[in-house]
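Here is a short briefing on a protein model. Read it alongside the coordinates.

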Amino acid sequence: MDTHLGELLSACVDGELSGEARDAAERHLTSCAECRAAYDDLLRLARRSEALDDRPPARDLWPGIAARISAGATVIPLVTRRRRLALSVPQLAAAAVVLMALSAGSATLLTHRAPAPVPATGFAPVSLAEPIPRSASAKGVESYDAAIRDLEAALATRSPRLDPATIQAVKQSLALIDGAIRQAEAALARDPNSLYLNNQLERALDRKLEVLRSVTALAVAS
Amino acid sequence: MKPIVAAVAIAATALAPGALAAQSLDTTVAVRSGARFELRGVSGTVRVQSWNRPQMHIVAEADGARVELDASPGDVSVRAVQRRGEGDVDFTITVPAGTPLEVGAISADIETSGVCGEANLSSISGGVTLRCGNGDVHLESVSGDVDATQVRGHLEIKSISGDVTAQQVQGDVAASNVSGDVSLDRVDGDDVRAESVSGDIGFSGPIHQGGRYAFRSHGGDVTVRPDGELGAIVSVSTFSGDVESDWPMTINPGGGPVGPRQWEFTIGDGSARLTLESFSGTIYLRRGGAAPRRGND
């Protein structure tokens with residue numbers, strides 16, 4: 001791929017490329033400093049936007065900001081739910097301003113689990129083969145907690161069908177997963193920007209959900 | 001489906017006329033090609049084997065449970081009904097080769113051999129063993145070991161607290177457990193994934209061009225032994241573990257390290273994607289045939 005990635009950058013960040021397109025983009029990012037820098041900027045924006053609450057700001061800041069940036073720039077609104085970012089490099093600067101303003105306004109809405117800002121320098125630890133983290137935000141973890149509580153309640157009603165040894169095995173497995181969750185959270189507290197650690201936490205939470213779902217489903221189906 | 005519960009069962013087992021709660025069952029049902037077999041609610045044992053006849057032969061030896069059979073030429077369904085939550089049944093089933101199997105057990109070891117069709121086998125408290133499958137194969141247990149050999153197709157294999165083993169697989173594999181080890185030996189697929197929370201993960205098999213391979217454990221070791229030439233972008237991540245590679249880890253320009261203990265490097269043509277992660281265990285990338293090393297080395 002000789003030309004710059006352009007609008008493909010947002011697809012890269014969103015993990016929407018596959019097959020040859022993803023491979024070509026990955027190769028280009030390893031050799032093109034400009035695209036890599038833009039990609040890293042987009043990734044930082046995407047990660048911060050993921051941590052934001054979905055409720056709209058009290059007032060729309062964009063018109064005032066847009067009036068102060070260069071004429072002719074195309075404004076692409078940030079979609080509230082998906083927040084797919086499709087911005088050119090000049091637009092990134094404007095979007096960063098918007099996000100900073102939104103972040104400041106939303107700070108009180110976020111809990112202690114929200115990821116801290118990413119340093120301005122250094123590569124964001126990401127591979128295109130992996131989607132950006134989505135569940136380490138406060139909302140994500142709260143959703144997991146609620147789902148896990150629901151499944152634990154559902155399993156409790158089914159557990160009389162399971163023999164004591166199996167119930168004990170399930171409890172031990174859940175305890176192992178809880179240990180992994182605690183380790184990931186402790187590591188994230190020291191390095192909140194680590195994509196790997198965010199993914200670790202996400203996978204551990206997913207794993208707990210899957211175990212609860214599987215056991216409940218098998219208890220019902222058998 | 002046309003129920004033939006009592007008639008077939010009682011006639012075959014010479015139980016008293018009218019008796020519905022057959023303690024035993026020994027019957028043969030004629031089926032057409034491609035007929036499915038389903039078995040539910042078993043505590044005891046389940047053995048399924050194959051023959052080259054258009055018939056299914058069902059033998060059940062029950063102890064305190066009732067056995068129900070519904071059959072049509074295209075579908076045979078057997079159910080074990082416990083009394084007050086108790087009662088075991090030992091099943092020996094013989095089906096035409098290639099029969100799709102669906103078995104859900106409460107507390108039973110399930111073993112299938114030589115059937116070589118699609119299979120969906122699950123046991124809550126018991127092991128699951130399949131020898132020969134084709135197409136979609138799903139094997140699952142809560143507290144038992146799960147073992148698959150000679151599968152051609154898509155294999156999903158998982159346990160919660162047992163070992164997971166797959167050997168001689170041609171096709172994609174998704175394997176997982178919480179505790180216990182995951183072993184994928186001679187697996188030949190384009191998309192192979194394994195996850196464990198506390199167990200070790202081992203893989204041996206070819207790494208195909210354009211393939212995707214991901215092996216992740218939280219607390220266990222991850223050992224990957226590619227067969228033949230290896231051409232892949234390799235992503236390695238750990239938090240407090242170690243990494244050992246038989247290939248030089250030449251970091252891609254501008255590509256790594258991508259985190260405090262994350263590396264990305266290219267081997268050969270880089271056409272495949274190989275992801276290796278262990279939060280606190282050791283990651284081994286070995287040339288084919290190298291024995292996995294554990295412990296302090």
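Accessible areas come from the Shrake-Rupley method with a 1.4 Å probe. On that basis, chain B exposes about 11400 Å². Carbon and sulfur atoms supply 45% of that exposed area. The model is predicted.

**Chain B overall**
- Chain B contains 22 strands and one helix.
- Of the 297 residues in chain B, 54% are buried.
- Take the contacts in chain B with a separation of 6 or more: 45% of them are between residues 24 or more positions apart.

**Nonpolar cores**
- The largest nonpolar core has 70 residues.
- Phe91(B), Leu184(B) and Phe215(B) have the most contacts inside this core.
- Leaving aside residues up to four places away in sequence, Leu184(B) touches Phe215(B), Phe203(B), Val173(B) and Val192(B), among others.
- Small residues also touch Leu184(B), including Ala166(B), Ala175(B), Ala194(B), Gly202(B) and Ser204(B).
- A second core of 27 residues is separate from the largest one.
- Members of the second core include Val170(A), Ala184(A) and Ala187(A), along with Val178(B).

**A buried arginine**
- Arg40(B) lies in strand S2 of chain B, which covers residues 36–51.
- Is Arg40(B) buried or exposed?
- The relative accessible area of Arg40(B) is 18%. Buried means under 20%, so Arg40(B) counts as buried.
- The side chain of Arg40(B) makes a polar contact with the side chain of Glu102(B), at 3.0 Å.

Terms used. Residues are numbered from 1 along each chain as its sequence is written. Chains are lettered from A and ligands numbered from 1 in the order in which they are written. This is a predicted model: local features need pLDDT of at least 70, side-chain atom pairs count only at pLDDT 80 or more; totals for chains, interfaces and linings use all residues. Side-chain values use heavy atoms; hydrogens and water are left out. A nonpolar core is a set of buried Ala, Val, Leu, Ile, Met, Phe, Trp, Tyr and Cys residues joined through side-chain atoms within 4.5 Å. Buried means under 20% relative accessible area, exposed over 50%, partly exposed in between (1.4 Å probe, protein chains only). Contact means heavy atoms within 4.5 Å. Helices (H or I, at least four residues) and strands (E, at least two) are DSSP runs, numbered from the N terminus. A polar contact is a pair of N or O atoms within 3.5 Å; within protein, one must be able to donate a hydrogen and the other to accept it, and residues adjacent in sequence count only if both atoms are side-chain atoms.
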